[in-house]
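Open the model in your viewer and keep the sequence panel visible. The stops below are meant to be selected in order.

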Amino acid sequence: VNAQTSISGDWEGAINIQGQQLKVVFHIEGESGSYSGKLDIPQQGAMGLNLTRIEQKEDSVFFTFFTGQGNGDFEGVLESDSLITGMYKQGMSAFPFELEKQSASDEPEKILGAGKELIIPAGAVEIAGTLVTPKNSGNSPLVIMISGSGAQDRNSDVFGFKIFAEMAEHLKQHGISSFRYDDRQIGRSTGTFSDATLNMLASDVNAIIDYLNDLEKESFSEIILIGHSQGGVVAGKVADENQEVDKLILMASTGVSLKEVLRSQVKQAYGEGVHPDHAVEKEITLREELMVAIRDDENVEIARQNYMDQYRSMIESLPESQKAGIPDIDAFVNQQVDQLVAVYGSPQVKSLLFYDPAEDLKELDIPVLVLFGGKDTQVTEELNRKPIESALEKAGVSYEVEVFPNANHLFQQAESGQVSEYALLEKEFVDGFLGKITEWIKDN
């Protein structure tokens, strides 16, 4: 290869770690001698890590970034102008990696779910979003999409899978309008996301409904809310309180409080057989006592200390091979517990921890579609289906439940359903998912 081959551009590939593929994406700018760049590791949620060294000598390339514990070094060979192979070294470990250069296409990329940008006043904040209307849309149904936990952009983009943009595109092709929006503090929306309580998140949706109802050039035949994951809790609350809502779609949504969801997620995270059941139960009990202490602002220090002692003893009982990765156990435990206290104390999480979404569903008088992924490990059908069904039975409304057996929490075709594989899956919905939504909207 000519020594002058530029490595500027986007490179995508993976580090092969004991048979597991860890996806990596490099963004390199500039020219030899003055390159700069960033690294994304999507499965770890690490985006835009600065590269501290980018060097090119003849056919060799070197990329280095700081891992938090030390340097991670990529040492590779430019096999061709679009392929780099080599070894990734971190500490005493080394793993093979391979990168392919992504071709920049001259075709302007079709923007998924393109529409009209709106900025909607919602009390002290502004909510920015995209209104998509089909051609000849006079009087079409309108779907308002509400994203799951964590601050999401209007596309609800998870590892490059633009969930809401894909949905908007499909709805448009079937004569249905949609509105999707940036959460507070994200994109062009203002405010602070972690300070937004459940009531505030619901009031944002109410403001959107009022605004879209008053648009001069558009009129909608009905308003449908679709809530994904935690967004379903917001959607259920709005549907209960706002008479303008005509239908509700719950997409991998919870039927129990966040406290109950966390209980099942924590059990799962500890895995089978690593810790004795009684130790995991004790950890969860003390964790929930900490939640209550924070909620009531009483005895927080005592609850924190009790939880911390239990968590430390569990870390200390790990096999040596796992403990080796934690240089300072005290610092690690402190950091984890501080993080927990901060999360449980944030206004948003505080408002959701003990909130029972089924109470809202019992009060509904509109049709409801409930969707689950059979391989969803975040919001399982097992934990959430019964409470939702019982609530809707009590409400006496017409409802339908559909489970997509091989789908994960994002309704992708999944292998394990674990969060760690999201980044590796095709950026598309499982067969029949979008069709089910449009068909149900039209039939009800």
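The tour goes from a run of strands to the nonpolar cores.

This is a predicted model, in which local features need pLDDT of at least 70, side-chain atom pairs count only at pLDDT 80 or more, and totals for chains, interfaces and linings use all residues. Residues are numbered from 1 along each chain as its sequence is written, and side-chain values use heavy atoms, with hydrogens and water left out.

Select strand 5, residues 60-66. Strands here are DSSP runs of E, at least two residues, and helices are runs of H or I, at least four, both numbered from the N terminus. Of the 7 residues in strand 5, 5 are buried (under 20% relative accessible area, 1.4 Å probe, protein chains only).

Add strand 4, residues 46-57, which pairs with strand 5 in the antiparallel sense over 6 bridges (pairing requires at least two DSSP bridges). Ile54 has Phe63 of strand 5 as its bridge partner. In the hairpin of these two strands, 2 residues lie between them, and Glu58 in the turn has a positive phi of about 50°.

Next add strand 6, residues 71-80, antiparallel to strand 5 over 7 bridges. Here Phe66 is bridged to Asn71. This hairpin has 4 residues between its strands, with Gly68 in the turn at a positive phi of about 105°.

Now select Ile144, Phe179, Leu212, Leu225 and Leu248, the residues with the most contacts inside the largest nonpolar core, which has 46 residues. Such a core is a set of buried Ala, Val, Leu, Ile, Met, Phe, Trp, Tyr and Cys residues joined through side-chain atoms within 4.5 Å.

Methods:
Buried means under 20% relative accessible area, exposed over 50%, partly exposed in between (1.4 Å probe, protein chains only).
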